[in-house]
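Colleague: Got a minute to go through this one with me? I'd like to ask about it piece by piece.

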Protein chains: 2
Amino acid sequence: MNRSSKERFKKIVGHDNFCDTEEDRLSYSYDGTGREYKPEAVIFPGSAAEVAAIMCLASELLLPVVPRGAGSGMTGGSLPVQGGLVMPLTRLNRILEIDRQNQLAVVEPGVITADLQNAVKRQNLFYPPDPASMKFCTVGGNAAECAGGPSAVKYGVTRDYVRGLQVVLADGRTINTGVRTAKGVVGYDLTRIFVGSEGTLGVITKLVLKLIAQPESKSTFMVLVDGMIRAAELVTEVLESYLPCTMEYMDKTALEIVKDKLSFELPEEAGAFLLIELDGSRDSVESDSARLVKFLDDCRGVLGVRRAKAGTAEAEMLWSARRAISPASFQLKPNKINEDVVVPRSLIPELVVFVEKLSSELGILIFTFGHAGDGNIHVNIMLDKENSEEVVRSEKAKKKLFKKVLSLGGTLSGEHGVGLTKAAYLPMEIDAVTLDVMKGLKKYFDPKNILNPGKIFI
Amino acid sequence: MNRSSKERFKKIVGHDNFCDTEEDRLSYSYDGTGREYKPEAVIFPGSAAEVAAIMCLASELLLPVVPRGAGSGMTGGSLPVQGGLVMPLTRLNRILEIDRQNQLAVVEPGVITADLQNAVKRQNLFYPPDPASMKFCTVGGNAAECAGGPSAVKYGVTRDYVRGLQVVLADGRTINTGVRTAKGVVGYDLTRIFVGSEGTLGVITKLVLKLIAQPESKSTFMVLVDGMIRAAELVTEVLESYLPCTMEYMDKTALEIVKDKLSFELPEEAGAFLLIELDGSRDSVESDSARLVKFLDDCRGVLGVRRAKAGTAEAEMLWSARRAISPASFQLKPNKINEDVVVPRSLIPELVVFVEKLSSELGILIFTFGHAGDGNIHVNIMLDKENSEEVVRSEKAKKKLFKKVLSLGGTLSGEHGVGLTKAAYLPMEIDAVTLDVMKGLKKYFDPKNILNPGKIFI
């Protein structure tokens, strides 16, 4: 990008919002994956009109533009692998409207997910999507990646809460998709083309989000089980009669690395842990909780059930242990490959057995935890990147894992997306004709390939 | 289509499954809208491979192909307005799989919606979408139109239950979209491009459907209210504290025309009627029902609340009265324009006042009923098509209605789609740039414009 081009961008957003110092470029060169690609510059639009002007100019200059939320993505979605501009949408951070009666919110993409959740909670409303990064990730990034979270087992993922979008296209045109209302079938469903498209088809500049009533009550249960396979079986058994809003699990290794966070002694024979939550009206939570505890107490393999009321210190302790798994895992090895595969949940036991075998076969430490209720398992392959031989074995483990997941009718990603890190594996899951149709769609929306190029397809 | 082309189609499906007699053509010339367009022939494929071969040949011949379910659509989606072939998918009617543990079904498009519901119910599972035509419409047609129904207020519409599709494209290529699992974000969301695309982008040949656990219990309430505006207000008030699985209403006229179906005397002062249902676990239904009755009894304008247990004769009576509205309306006038507009539900009272005013201003009988819980109102403009002056006034009423709906932040169709009858009004709701993007999408998927041409866009 030459000086005159830079001046033109500065004219759009103002001098302060176009940054190309070494520090600025470095600050926006990485995301949750730990890889690094430096952009030529970082541009901070302050309005949808500015985004449109930026895209117009980028289109003229054939300059890559990588939209970015908080950079918390796990597959490199916001990395400028082909240079160009990184465009954080963080200045578009207004909650434009919360409509209590019609249970919807209109927001800009830069709103932080937890901020939206807190704002709607004050009106007795609930925005369920809860990615682990919710305290700093943005709603726009969530939509671009179709983020999930523990509550997905009951409430679904970001896709299920996006009713309409304002999107700036690669050539700078602005479109409005979807509806404000609960239903709407007028014209093609453009909204859901953009949700999960990882910033490769358009730039989301406004979102109309569905909200629901805040559940009145919640109960949290910690269930210690004698082994991982039995725990995985229990998931399906519980879901036959209950619809928990959380159904997380940790295997023995995950449990070990966070045991300091627990306020109680872990029994020697504990082989896995389930974190189950029920929400709803006070009455239904009470009656379901009583039934659930009775059910679990009678279950083979259950070592103990602890109940904590929502909002209490004990519930918080359980959650902080759950959330500590990922950071704490680096006690084991300096690096990890974290894959968010999904299998039909009744097949989790089969996946667990496979992973254990894989681990011992290849001599690699692999542990699992995650959203058992929807079969979305975070498989963590631990390694030391400095050990090139271990890197090879880890990559081998990853590929074998992917093959197994697909053979079980699963998918390679439940919530992280494809981005950069899974692009090479896309053809394992998507057949050639379907892939071709997807690539054609990219070409239709972005013929010059300037929007987040180098992602999803390689 | 010349004789040799016909022979080639016959070779694909067998002689018995290619019909071009006058009777056959007539039988497939109309749908729920009452308009008539005769196809050149009717072709009944028996497999996805036959659909693919048909599309290959149609593509070569530049022959329009109109995929068809049961022809119950309300906007002409299955009418062959440009001739060519009507292609009912009714022979593809197998339920291929019901996976109880993972709560999903794999079905062919010709399966009748109620048959699927009954089949999954036997496994204690539930497929919620319930269009009024569910006893004869097909799952494939439901997906093509993104059908809704009364249960949408709690459970969502067809879109929310389609996880993956097999689709034959206009040129005969077959693609596989989506996933079997609860989550999945690998590649673009092609599934939801096809859902609601009214057979204009591809032919659905297989569906992977999400199921949920069958609710244990259900309660039905009939609430008589002194006036329509108060009834509309009550909808929002109830939804602040409850999530009913049905929240239907009828205005005074709708009530009048079905009063013979009711097993009780209608009080003189009854101005509107709400049909509310709660479902869930036995305990929660009982406790919520008790609370709801108490709440309604204390509500201004409520004349009476009757409760019926689900599955009882009384509940069935209430539903048969509700379903009888549409057929019974022809007592009033020989024809009607039935629009399924949606407004944010808190604005239903404003729409009701507007419709009453419109009715008296234009001297036309208009009555309303429908899915109040999601703001999806069926506005029925009654007329005699033989009376050309009345036709003009009715069309005027329709256009004024649409303008009002859009000014309230609503949409022109909640579940019927655009098809033929709403195509002219599409630009009222969708701006020019967005419309252009939709048309481009059609061109991308169907460059020769052979799949259900003449629909959605004119």
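Modeller: Sure, and one term before we start: buried means under 20% relative accessible area, exposed means over 50%, and partly exposed is in between. Keep in mind that this is a predicted model.

Colleague: Good. With that cut-off, is A:Tyr127 buried or exposed?

Modeller: The limit for buried is under 20% relative accessible area. A:Tyr127 comes out at 0% relative accessibility, so the label is buried.

Colleague: What kind of aromatic pair do A:Tyr127 and A:Tyr161 form?

Modeller: The search of the whole structure turns up 20 aromatic pairs over all chains. For A:Tyr127 and A:Tyr161, the centres are 6.0 Å apart and the planes make an angle of 80 degrees. Planes over 60 degrees apart count as edge-to-face, so the A:Tyr127 and A:Tyr161 pair is edge-to-face.

Colleague: How many residues apart in sequence are the parts that this pair ties together?

Modeller: A:Tyr127 sits in the loop between strand E7 (125–126) and helix H5 (139–145) of chain A. A:Tyr161 is in the loop between helix H6 (152–155) and strand E8 (162–168) of chain A. A:Tyr161 is buried too, with a relative accessible area of 4%. The pair therefore ties together parts whose separation in sequence is 34 residues.

Colleague: And in chain B, what is the angle between the planes of B:Tyr127 and B:Tyr161?

Modeller: B:Tyr127 and B:Tyr161 form an edge-to-face pair, 6.0 Å centre to centre. Both B:Tyr127 and B:Tyr161 are buried. The angle between their planes is 80 degrees.

Colleague: Which residue lies over the face of A:Tyr161?

Modeller: For a charge to sit over a ring, NZ of Lys or CZ of Arg has to be within 6 Å of the ring centre. Here the distance from the ring centre of A:Tyr161 is 5.5 Å, and the residue is A:Lys210.

Colleague: Which residues do ring pairs link into a cluster with A:Phe194?

Modeller: Ring pairs are what hold this cluster together on paper, and A:Phe194 is one of its members. The others are A:Tyr444 and A:Phe445.

Colleague: On to helices. Are H12(A) and H13(A) roughly parallel or antiparallel?

Modeller: Helix H12 (residues 348–362) and helix H13 (residues 388–407) of chain A have axes 11 Å apart and pack at about 155 degrees. The crossing of H12(A) with H13(A) is right-handed. Angles over 145 degrees count as roughly antiparallel, so H12(A) and H13(A) are roughly antiparallel.

Colleague: In chain B, is the crossing of H8(B) and H12(B) left-handed or right-handed?

Modeller: The axes of helix H8 (residues 228–241) and helix H12 (residues 348–362) of chain B come within 8 Å and cross at roughly 160 degrees. That angle makes H8(B) roughly antiparallel to H12(B). The crossing itself is right-handed.

Colleague: How do H1(B) and H3(B) run, roughly parallel or antiparallel?

Modeller: Helix H1 (residues 3–13) and helix H3 (residues 48–61) of chain B pack with axes 9 Å apart, at about 165 degrees. H1(B) passes H3(B) in a right-handed crossing. By their angle, H1(B) and H3(B) are therefore roughly antiparallel.

Colleague: Now backbone oddities. What is the phi of A:Asn449?

Modeller: Most residues other than glycine have a negative phi. A:Asn449 lies in the segment after helix H15 (432–445) of chain A and is partly exposed at 37% relative accessibility. Although A:Asn449 is not a glycine, its phi is positive, at about 55 degrees.

Colleague: And B:Asn452, buried or exposed?

Modeller: B:Asn452 is in the segment after helix H15 (432–445) of chain B. B:Asn452 isn't a glycine either, yet has a positive phi of about 45 degrees. With a relative accessible area of 1%, B:Asn452 is buried.

Colleague: What distance separates the C-alpha atoms of B:Leu278 and B:Thr220?

Modeller: B:Leu278 is part of strand E14 (residues 272–280) of chain B and is buried at 4% relative accessibility. B:Leu278 and B:Thr220 are 58 residues apart along the chain, and their C-alpha atoms are separated by 6.7 Å.

Colleague: Last one: how far apart are the centres of domain 1 and domain 3 of chain A?

Modeller: The domain assignment puts domain 1 of chain A at 3–88 and domain 3 at 223–326. Taken over C-alpha atoms, the separation of their centres is 43 Å.

Note on methods: Residues numbered from 1 in each chain as written. Chains lettered and ligands numbered in written order. Predicted model: local features only at pLDDT ≥ 70, side-chain atom pairs only at ≥ 80, totals over all residues. Heavy atoms only, no water. Domains from an automatic or database assignment. Phe/Tyr/Trp six-rings, centres within 6.5 Å; stacked < 30°, edge-to-face > 60°. Helix = DSSP H or I, 4+ residues; strand = E, 2+ residues; numbered from the N terminus. Buried < 20%, exposed > 50% of the residue type's maximum accessible area, 1.4 Å probe, protein only. Lys NZ or Arg CZ within 6 Å of the ring centre and 35° of its normal. Axes fitted to C-alpha atoms, helices over the stretch in contact; angles between N-to-C directions. Parallel < 35°, antiparallel > 145°, perpendicular 65-115°, else oblique. Left-handed = near helix turned anticlockwise from the far one by under 90°.
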